[in-house]
Amino acid sequence: MAGGGGGCLPDVDIDPDGIFKYVLIRVIPEGVGPGKEIVRGYAWVEYHADIYDKVAEELEKQGFHCECLGGGRISHQSGAKKIHAYGYSVGFGRAKHSVSTEKLKARYPDYEVTWADKGY
């Protein structure tokens, strides 16, 4: 089984700047090992499912099971060192932004990272 329980997977992979859709994904290795949540967000997508489908396809080839826990939007202002997670996905529902922002804070410790359930 690849990944040793998901430890090699980065918790966060988002575009370096802009406003874009994101999803929170639960990744579970086949066999032994705990799963974890990962945040993925990109400006190139039209739908939240575009992110999930691409990420899940790549990870399933590596022996992981994926489950989308919801989505939203991220405003990433790299110059101001600010990230704000908000909104929801029509198809997947609202991600737990509190979980997503904890992952974002760990990845960007020198940023101001906030979240809100309001907005789309």
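Q: What is the strand order of the open sheet of six strands?
A: The model is predicted. Its open sheet has six strands with mixed pairing. Neighbouring strands are turned by 25 degrees against each other on average, direction ignored. The strand order is 1-3-2-4-5-6.

Q: Which strands are the edge strands of this sheet?
A: An edge strand here pairs on one side only. Two strands fit that description, one at residues 12-14 and the other at 112-116. They are strand 1 and strand 6.

Q: Over how many bridges do strand 4 and strand 5 pair?
A: Strand 4 covers residues 64-77, and strand 5 covers residues 82-86. The two run in the antiparallel sense. Their pairing extends over five bridges.

Q: Which residue in strand 5 is the bridge partner of Ile-74?
A: Strand 4 spans residues 64-77 and pairs with strand 5. The bridge partner of Ile-74 lies in strand 5. That partner is Ala-85.

Q: What angle does the direction of helix 2 make with that of strand 6?
A: Helix 2, residues 97-107, packs on the sheet. It touches strand 1, strand 2, strand 3, strand 4, strand 5 and strand 6. Its direction and that of strand 6 make an angle of about 170 degrees.

Q: How many salt bridges does a search of the whole structure find?
A: Side chains of opposite charge can pair when their charged atoms come close. One such pair is Lys-36 with Asp-11. Another is Arg-94 with Asp-117. The search of the whole structure finds eight.

Q: How many residues apart are Lys-36 and Asp-11?
A: Lys-36 and Asp-11 form a salt bridge, with the closest N and O atoms 2.7 Å apart. Lys-36 sits in strand 3, while Asp-11 is in the segment before strand 1. The pair therefore links distant parts of the chain, 25 residues apart.

Q: Is Lys-36 buried or exposed?
A: Buried means under 20% relative accessible area. Lys-36 has 15% relative accessibility. Asp-11, at 28%, counts as partly exposed. Lys-36, by that cut-off, is buried.

Q: Which residue is linked with Asp-11 and Lys-36 in a network of salt bridges?
A: Asp-11 and Lys-36 form a salt bridge with each other. They also belong to a network of salt bridges with another residue. That residue is Lys-103.

Q: Why does the pair of Arg-94 and Asp-117 tie together parts that are apart in sequence?
A: The two side chains meet in a salt bridge at 3.9 Å, N to O. Both residues are partly exposed, Arg-94 at 38% and Asp-117 at 39%. The pair ties such parts together because Arg-94 lies in the loop between strand 5 and helix 2, and Asp-117 in the segment after strand 6, 23 residues apart in sequence.

Q: What separates Glu-102 and Lys-105 in helix 2?
A: Their side chains meet in a salt bridge at 3.7 Å, N to O. Glu-102 is partly exposed at 48%, and Lys-105 is partly exposed at 38%. They are three residues apart in helix 2, so the separation is about one helical turn.

Q: Which element gives the largest share of the largest nonpolar core?
A: This core has 15 residues, and Ile-25, Val-27 and Leu-59 have the most contacts inside it. Strand 2, strand 3, helix 1 and strand 4 each give two or more residues. The largest share, five residues, comes from helix 1.

Q: How many residues are in the second, separate core?
A: This core includes Leu-24, Ile-74, Leu-104 and Tyr-111. It is separate from the core that contains Leu-59. Its count is 14 residues.

Q: Where is Lys-21 found?
A: The unreviewed UniProt entry annotates Lys-21 as "binding site". At 13% relative accessibility, Lys-21 counts as buried. Its contacts include Arg-40, Tyr-47, His-48 and Tyr-120. Lys-21 is found in strand 2.

Q: What relative accessibility does His-48 have?
A: UniProt lists His-48 under "active site" in an unreviewed entry. His-48 has its place in helix 1. Its contacts include Lys-21, Tyr-88 and Phe-92. His-48 counts as buried, with a relative accessibility of 4%.

Terms used: Residues numbered from 1 in each chain as written. Predicted model: local features only at pLDDT ≥ 70, side-chain atom pairs only at ≥ 80, totals over all residues. Heavy atoms only, no water. Pairing = 2+ DSSP bridges. Helix = DSSP H or I, 4+ residues; strand = E, 2+ residues; numbered from the N terminus. Axes fitted to C-alpha atoms, helices over the stretch in contact; angles between N-to-C directions. Contact = heavy atoms within 4.5 Å. Salt bridge = Lys/Arg side-chain N within 4 Å of Asp/Glu carboxyl O. Buried < 20%, exposed > 50% of the residue type's maximum accessible area, 1.4 Å probe, protein only. Core = buried A, V, L, I, M, F, W, Y, C linked by side-chain atoms within 4.5 Å. UniProt positions renumbered as here; feature names shortened; annotations may be inferred. Lists of a residue's contacts leave out its neighbours within four places in sequence.
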